[in-house]
Amino acid sequence: MTGNTVYLDWAASTPLRPEALKVLQAEARIFANPSSPHTPGREARERLEAARAKVARALGAEPIEIFFTGGATESCNMAIKGAIFAAIAAGRKKPHIVTSAFEHHAVLEPVEWLQKMGLARATIVEPDTEGIVAAERIVEAVTPDTVLVSLMLVNNEVGTIQPVGEVARLLGEINRSRETPVLLHTDATQGVPYVLTTVRDLGVDMLSLSGHKFGAPKGVGALYKRKGVRIQPLLHGGSHERGLRAGTENFLSICAMAEALEATVAERPQEKTRLEKLRAGFESELLASIPRTEINGHRQLRSPHVSNIYFADLEAEALLVALDVAGIAVTSGSACTSEKLGSSHVLMSMFHDQKRSDGSLRFSFGWETTQDHVDTALEVLSRSVEKLRLIAGRV
Ligand SMILES: *Cc1c(COP(=O)(O)O)cnc(C)c1O
């Protein structure tokens with residue numbers, strides 16, 4: 001941890017896993033271009049393909065189904081725009097997309113952009129107040145023009161688990177009577193550590209992930225694309241990643257990500273249980289000791305690393321600052337939107353209540369989070385919340 005900071009923002013980013021750091025150091029001597037035909041180049045290529053095989057194994061996929069990218073933002077863009085461009089190239093007019101209102105901006109903004117450019121049409125399905133998007137609602141939105149459904153596996157602000165497998169099953173039935181199947185993409189970035197099993201279990205056509213959410217460096221990620229699914233590339237300039245992503249591969253980060261993913265998957269069952277217990281203690285203690293607090297998001301259908309709490313009569317931003325001063329790092333929503341302070345499109349889509357959105361804070365946990373960290377946070381929280389409510393005259 002950085003100094004004495006209690007870091008409770010694991011959904012925003014994670015520290016390097018020791019396994020990833022070790023690989024970065026060990027492989028740093030390898031610098032040749034993996035596309036070069038000489039011996040050092042072939043060695044780099046071998047290591048890169050070993051990393052691909054490792055990522056594939058961790059996801060239950062085949063190596064040829066794994067494409068390395070610069071993170072989940074790129075993977076989501078590649079899946080969404082790539083599928084729409086492929087449909088347009090195949091002669092489809094204004095393909096239709098179905099997605100949810102509380103996706104990460106990495107999904108929402110490409111969809112918005114495609115609409116703005118007149119290239120696609122979209123239906124945005126809202127979650128319920130528990131932060132779950134009903135599978136039936138997604139499938140009901142499918143029209144004959146629909147090319148792609150994109151539904152996140154775990155919401156990054158409230159941690160709720162979406163019925164992606166159920167959507168896959170229902171789409172499978174629809175697809176039986178269609179000439180061109182509706183593709184299913186999932187942004188599984190927050191699902192990788194504790195929720196994802198395998199891509200085959202989920203039944204998706206494409207899946208996006210980001211390395212730095214599970215102990216790899218920032219700026220590296222992957223797209224799983226099932227064999228036979230056709231998308232157009234976003235980057236042109238070489239035949240890297242089998243023609244789908246031009247540019248010399250981010251070799252070191254890719255090797256580190258494969259290692260981090262393998263370690264994550266190996267620890268998944270124990271860590272899931274440990275964090276479930278840790279969070280249950282955090283939440284029951286918090287709800288018992290601080291009046292007028294509520295949990296945002298479904299109690300059971302939630303990844304164990306996220307706890308989003310509503311503090312009535314409080315500005316979450318003020319609480320965030322008070323916690324920061326006390327050495328506790330949390331965020332109110334997605335880090336990417338922190339410039340639009342206080343306004344969470346996720347909480348707004350669930351509650352349509354500005355006060356609830358402004359009064360909510362996300363606590364997120366990871367493999368270095370201990371009971372001590374949680375106890376410190378609880379102690380500071382009970383002091384700070386009362387003080388802030390007093391100042392606001394709301395006790
Ligand atoms: C972090 C995150 C992303 C974006 O990942 P980058 O590494 O910033 O590209 C996308 N979706 C979700 C759900 C995330 O949590």
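Reader: What makes the crossing of H9 and H12 right-handed?
Author: The near helix is turned clockwise from the far one by less than a right angle (anticlockwise would be left-handed), so H9 and H12 get the right-handed label. Mind you, this is a predicted model, where local features need pLDDT of at least 70, side-chain atom pairs count only at pLDDT 80 or more, and totals for chains, interfaces and linings use all residues. Residues are numbered from 1 along each chain as its sequence is written, and side-chain values use heavy atoms, leaving out hydrogens and water.

Reader: Why are H9 and H12 called oblique?
Author: Helix H9 (residues 316-325) and helix H12 (residues 371-391) pack at about 135°, axes 10 Å apart. Under 35 degrees is roughly parallel, over 145 roughly antiparallel, 65 to 115 roughly perpendicular, and the rest oblique, so H9 and H12 are oblique.

Reader: And what makes H3 roughly parallel to H4?
Author: Helix H3 (residues 72-89) and helix H4 (residues 105-116) pack at about 30°, with axes 8 Å apart. By that angle, H3 is roughly parallel to H4.

Reader: How do you know that Ala 322 of H9 is among the residues meeting H12?
Author: Contact means heavy atoms within 4.5 Å. On that basis Ala 318, Leu 319, Ala 322 and Leu 323 in H9 meet Val 380, Leu 381, Ser 384, Val 385 and Leu 388 in H12.

Reader: What makes His 212 a polar contact of the ligand?
Author: A polar contact is a pair of N or O atoms within 3.5 Å. A ligand oxygen is 2.9 Å from a side-chain N or O atom of His 212, so the pair qualifies. For Lys 213, the side-chain N or O atom is 2.8 Å from a ligand oxygen, so that pair qualifies too.

Conventions: Axes are lines fitted to C-alpha atoms, for helices over the stretch in contact, and angles run from 0 to 180 degrees between N-to-C directions. Helices (H or I, at least four residues) and strands (E, at least two) are DSSP runs, numbered from the N terminus. A polar contact is a pair of N or O atoms within 3.5 Å; within protein, one must be able to donate a hydrogen and the other to accept it, and residues adjacent in sequence count only if both atoms are side-chain atoms.
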